[in-house]
Structure formats: structure tokens, C-alpha cells
Amino acid sequence: MCKSKKKMIADVIEHSTTPKSSRKSKKSQQSSIENLSTSTNNFMIPSTASTSSFYKDSWKYSLSSRTSLSSLRESILPEQPHIYDISEISASTRNFLLKPYTSSSSSTSWRCSVQNQDVIVFQRKFRRQLDTSQLIDHLSVICRSHHSSLVKLKGASISGNYIYLVYDYVSGASLADCLRNAKNPNFTVLSSWISRIQIASDIAHGLDYVHNYTGLGFEFVHNYIKSSSIIVTKTKLNAKICHFGTAELCGEIARETGKSKEPKRSDSKINKFEGTRGYMAPEFQRSGIATQKCDVYAFGVVVLELLSGMEALRYRVDEETGAYVRVSVVEAARVALEGGGGGIRKWVDRRLKDSFPVEVVEKLAVLALDCVVDDPDSRPDMGRVTGRISRMFLESQKWGEKMGVVTDLTVSLAPR
């Protein structure tokens, strides 16, 4: 028998005796390896020491990165997230020169096409050195998470001190823009009570999922709940929470490795706590420690914005003294509740045209104020909050049916 035929038969035998799962795993691993970032030599993030110290110990990170790459290759499973090549991210954003979709002092995002999918690429710096296996595990679970009220994370890429998170693009506008249209303050797409209670319900269910059903085995904290980080979809006016997993994957929340699972603040000078004025819980302002109860506080502020149309916090000039006066939606809501039904009617967004169930509005305002009490232990958890809002949603539907209010709307967010 000729050598070529012997080789062919040997190949067939080897193929037939190799378990299918092994062949599939090898194929999956090879496909995933080809998609790994070309900058994986920087996968382990530098410690938060000084720049000179970083270069002095750079050989350590080079050694760690080879271990990280090996860990990634060995852990690839069919359902794991996509690890994008950094050159792919660079090409999609025109070498990061594409006009930013959003931009701030700590992050930038671009709307672009990656692998023929309309996505948002979110660039953010790592805040502390990350354990590679933890990063892989968290990324895997977050990408596999599905909820209708969360903008889905598709995958990530890493280069140097930066992580690039790739999220689905959702057509719509931020809740902040929907409530406060700078070009036309008298107009809002959220002109019905049903649309607002629907958004409150969507956010509550999404945050309850983040806190209790991610499957990571610890208290998952979102840390970015605010009206500008919530998208109102263009067709159905549903709410979707942005930045799911950002705080965890960027190393902004540290945890004890022992018995305690509570987040802690790093002593690093680089790991400065970040938050948005008006949404930060008192304990977070004091210590920089983010917990689930901080998310509950921010949620309460967002609900008060929904009810009143006010900003979470703003400053106005006093006409008599010329001094700046602090105007908080939380303080305004407390004053309105003290005034009873009449106070609530004056405080609720006038663009609802006094068409809302007063009792439900009072209940929702009381719940929101329960969420923003100073003592975090006195705030309800999101599971309890979601249950109460679900009951209010059903009451609102009954009210709408009784009043003959349209409860199923399709509205365009196009400029008027």
C-alpha cells in the first residue's frame, strides 16, 4: 500500500476515535484564539504605583501576561463572550478618531460597526490591578446575562491601561433628555402616567436582576444608576439600563478575599471614587464604598425625577442675595408630601396635565423617599421595591382602563 493511502487511513482512524466533544472544543478554542487581542501582553493591568515603579517592574507583568493568555485559551467555552482584537476596535473607531457618541473626563464611547453589528464601544481606564481569572469569570457571566431592561454586553478588548467594552446599540434617548428637552422644555415624549410607571417598573426589574440574579456569587453593584444612563427605547418607550458590568470589570469595586464579601475602597491614589452629584448616597460620599444600597439610593432619585421632571440636583441664583441656592429633587419631594394631596399635585410634572392616579403617585413618592433615607440599613432591597412597583403598575392599568386612557403607545422620539 502506498504511503499516501496509509496516511489517509491513519487520519480517518484518528478522527473517528477522537471524541466529538474534544474535536469541537479544539475547533472552538482555535476560533477563539484567533480573536484574542493582539495586545494581550498588557492583559494584566499595572498596579497603581508610580510610573517609575511600573517600568521598573514591567518584566513581572510580561510574565504574568503569558500566564493570562494561557488561562484565556484554556478557559474558552462556546458560550463565552467574544474577546475582540484591539486592531478591530481601532479600525471600527477610525483609530479612535471617530466623533465620540459620549465623552467625559473618565470615559469615551463611540457608536460604530464591529463585525457588521451596530454597537457602542465604551473606553474606560482600569482603576486597579485585576486578578485575571476573576476578570475572565466576571466577563463571562455578564455577557451571558440576559434581561429586557439591560443593554447587553457583547464582549471586550484590552490594551494597556484601558478596557474597551462592546455593548449593543439601542435606538432611543436618555431618560434625562426625555424628561428635560433643552430645545423645547414644554414637550416630553413621556406625557402619560402609564409611560412613566412603565419606565419605573422596567428600571426596578433590571436593577433587581443585577443585584440578585447575575449568578456571580457576591453582591453585584451597578454603580451607574442615573437618568442619563437609562435609555428610553424609540418605539415602545421601555427603559434599558446602560453600563451593566462596567464598574466590576474596570476594577472600581474591590472586595475582601476572606469571609467578608462587602465592597471596599482601595487605598490607591488612582482609585478615586466617582459618582454624580445628586445620585450619591451619603455613605458613598463619606467613604467611596459602593454597595447595593447605594444603587437603591440612586434608583430612588431617578423615580423622583420621573415624577417631577426635575433634575436630581441643580443650583439657581437667588434674585435678592445673588447667592447660589441648592435645589434637590429629594428635598422638594419631602416638602410636597408634607403638603398632602395638594402638594403632590403641584409638585408632579405639569406636562402630565393633572392626569394621573394621585394615590399611586403618593405611594411611589413614599417608596422613592424610603430608598433615599440616610441610613442604608433602612432602605428596602430591590426585590422588595420591585414587588411594590409591580402592584402600583397594575393599579395604574386599572385606573387607565377606568378613565379610558390609552395604555399601549408607539411614540417617535424624532425632534419636534
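This report describes two sheets, a set of salt bridges and a surface patch in the structure above. The model is predicted, and the residue numbers follow each chain from 1 as its sequence is written.

**The six-stranded sheet**

Strands of a sheet pair through backbone hydrogen bonds, either parallel or antiparallel. In this structure, 6 strands form an open sheet in the order β1-β5-β6-β4-β3-β2, and the pairing within that sheet is mixed. The edges are taken by β1 (82-83) and β2 (102-103), each of which has a single partner strand, so one side of each is left without a neighbour in the sheet.

The partner of β1 is β5, and these two strands pair in the parallel sense over 2 bridges, with His 82 standing opposite Gly 155 in β5. On the β6 side the sense is antiparallel, since strand β5 (residues 153-159) and strand β6 (residues 162-168) pair in that way over 6 bridges. Within this pairing, Ala 156 has Leu 165 in β6 as its bridge partner, while Ser 159 stands opposite Tyr 162 in β6. The two strands form a hairpin with 2 residues between them, and Gly 160 in the turn has a positive phi of about 60 degrees.

How many of the 7 residues of β5 are buried? The count is 5 of the 7, so β5 is largely enclosed by the rest of the structure.

**The three-stranded sheet**

A second open sheet has 3 strands in the order β7-β8-β9, with antiparallel pairing. Here β7 (172-174) and β9 (239-241) stand at the edges with a single partner strand each, so that one side of each is left without a neighbour in the sheet. Neighbouring strands of this sheet are turned against each other by 30 degrees on average, direction ignored. The pairing of β7 with strand β8 (residues 230-233) is antiparallel and runs over 3 bridges, and the bridge partner of Ala 173 in β8 is Val 232. Helix α8 (residues 193-212) packs on the sheet, where the helix touches β8 and β9, and the direction of α8 makes about 30 degrees with that of β9.

**Salt bridges**

A search of the whole structure finds 11 salt bridges, and the table gives examples, with the distance between the closest N and O atoms.

| Basic residue | Acidic residue | Closest N and O atoms |
|---|---|---|
| Arg 111 | Asp 118 | 2.7 Å |
| Arg 345 | Asp 354 | 2.6 Å |
| Arg 388 | Asp 370 | 3.8 Å |

The pair of Arg 388 and Asp 370 links distant parts of the chain, with Arg 388 in helix α15 (residues 382-403) and Asp 370 in helix α14 (residues 358-371), 18 residues apart. Asp 370 is partly exposed, at a relative accessible area of 28%. In addition, salt bridges that share partners join Arg 196, Asp 349 and Arg 351 into one network.

Accessibility is also available for the other pairs in the table. Arg 111 counts as partly exposed at 38% relative accessibility, and Asp 118 likewise counts as partly exposed at 37%. Arg 345 is partly exposed with a relative accessible area of 37%, and Asp 354 is partly exposed with 46%.

**A nonpolar surface patch**

Which residues form a nonpolar patch on the surface? They are Tyr 315, Val 317 and Tyr 324, which together have about 370 Å² of accessible area. Of these, Tyr 315 lies in strand β12 (residues 313-317) and is partly exposed, with a relative accessible area of 47%.

Definitions and conventions
Predicted model: local features only at pLDDT ≥ 70, side-chain atom pairs only at ≥ 80, totals over all residues. Heavy atoms only, no water. Patch = residues over 30% accessible without salt bridge, like charges linked within 9 Å, V, L, I, M, F, W, Y side chains within 5 Å. Areas by Shrake-Rupley, 256 points an atom, 1.4 Å probe, with all protein chains shown as cover. Salt bridge = Lys/Arg side-chain N within 4 Å of Asp/Glu carboxyl O. Helix = DSSP H or I, 4+ residues; strand = E, 2+ residues; numbered from the N terminus. Buried < 20%, exposed > 50% of the residue type's maximum accessible area, 1.4 Å probe, protein only. Pairing = 2+ DSSP bridges. Axes fitted to C-alpha atoms, helices over the stretch in contact; angles between N-to-C directions. Contact = heavy atoms within 4.5 Å.
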